[in-house]
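Look at the chain shown below and follow it from its beginning. The paragraphs after it take up single residues, then the chain as a whole, then its interior.

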Amino acid sequence: MTVELADYLIGLDKQIVKDGKLLDSYLIDITYPMNFRLMLSSPDDLEQNLMIDVKESAKSALRINLHHQDDNSQNGLLRVDYNSRHKNPEGVIDTLPTSFHPFAGCWLDDYAGHIHYVVDGYKPLAWAIPLENDEFPVKELRGREDYAATLQAFFDKINVKTTITFNIQMRIV
């Protein structure tokens, strides 16, 4: 996976696919625990197989992934993690963006969230930076009430054109 291919795939307009059809609208139930997969396709490049994985752990960690699939593999293109651990590679090579340099070899545990990118010369999504150092708008999750805005921000970042509505189920204690 190269940065050029990742940027191309992220930049494509995408729609959610269900039963082989491109959807104009889609409903997501925000329930505990969140664990779902959405298949995506682009009307501009139907050869690409893309999917979003959303997983929530019992420790209130939320992971939102965009993957590209081909016949033999699945490569990550972009991932946003909240309340989870990550350690960046130690080595810095010339393809690493300068803004990532301060985080070489660092654990990102002290940050509310981080975002993973493809960097040429490294395994896909090996590198992440804290969300507070990125343009991604939702910097932290204060509770489940932030999930709809977080998911919508991710869908916007990867150009999902299907209109998403959210059914937020509140727990009564």
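Start with Met1, which sits in the segment before helix H1 (3-11). The model is a predicted one. Met1 counts as partly exposed because its relative accessibility is 27%, and partly exposed covers the range between under 20%, which is buried, and over 50%, which is exposed. Leaving out residues up to four places away in sequence, Met1 touches Ala6, His68, Asn75, Gly76, Leu77, Val118, Asp120 and Pro124. Ala61 can serve as a second marker: Met1 and Ala61 are 60 residues apart along the chain, and their C-alpha atoms are separated by 26 Å.

Now consider the chain as a whole. The chain contains two helices and ten strands. Their order along the sequence is α-β-β-β-β-β-β-β-β-β-α-β. With a radius of gyration of 16 Å, close to the 16 Å that the globule rule gives for 173 residues, the chain is as compact as a globular protein of that length. The C-alpha trace spans about 45 × 45 × 25 Å along its principal axes.

Contacts can also be sorted by separation in sequence. Of the contacts between residues at least 6 apart in sequence, 54% join residues at least 24 apart.

One strand residue can be compared with the cut-off for burial. Ser41 belongs to strand S4 (residues 35-42). Is Ser41 buried or exposed? Its relative accessibility is 10%, and buried means under 20%, so Ser41 counts as buried. Apart from its neighbours within four places in sequence, Ser41 is in contact with Asp13, Lys14, Gln15, Val17, Leu22 and Leu46.

Across the chain, buried residues make up 45% of the 173 residues. The largest nonpolar core has 49 residues, and those with the most contacts inside this core are Ile52, Leu66, Phe136, Phe154, Phe155 and Ile158. Helix H2 (residues 147-157) supplies the largest share of this core, six residues. Phe155 is worth following further. Not counting residues up to four places away in sequence, Phe155 touches Ile28, Leu38, Ile52, Val160, Ile164 and Phe166.

Finally, turn to the surface and the charges. The accessible surface of the chain comes to about 9,500 Å², and 48% of this area belongs to carbon and sulfur atoms. The chain has 17 positive and 26 negative charges, and the mean positions of the two sets are 7 Å apart.

Methods. Residues are numbered from 1 along each chain as its sequence is written. This is a predicted model: local features need pLDDT of at least 70, side-chain atom pairs count only at pLDDT 80 or more; totals for chains, interfaces and linings use all residues. Side-chain values use heavy atoms; hydrogens and water are left out. A nonpolar core is a set of buried Ala, Val, Leu, Ile, Met, Phe, Trp, Tyr and Cys residues joined through side-chain atoms within 4.5 Å. Buried means under 20% relative accessible area, exposed over 50%, partly exposed in between (1.4 Å probe, protein chains only). Helices (H or I, at least four residues) and strands (E, at least two) are DSSP runs, numbered from the N terminus. Contact means heavy atoms within 4.5 Å. The radius of gyration is taken over C-alpha atoms; the globule rule is 2.2 Å times the number of residues to the power 0.38. Accessible areas come from the Shrake-Rupley method with a 1.4 Å probe; for residues, only the protein chains shown count as cover. Lys and Arg count as positive and Asp and Glu as negative; His and the chain ends are not counted. The place of a charge is taken as NZ of Lys, CZ of Arg, CG of Asp or CD of Glu.
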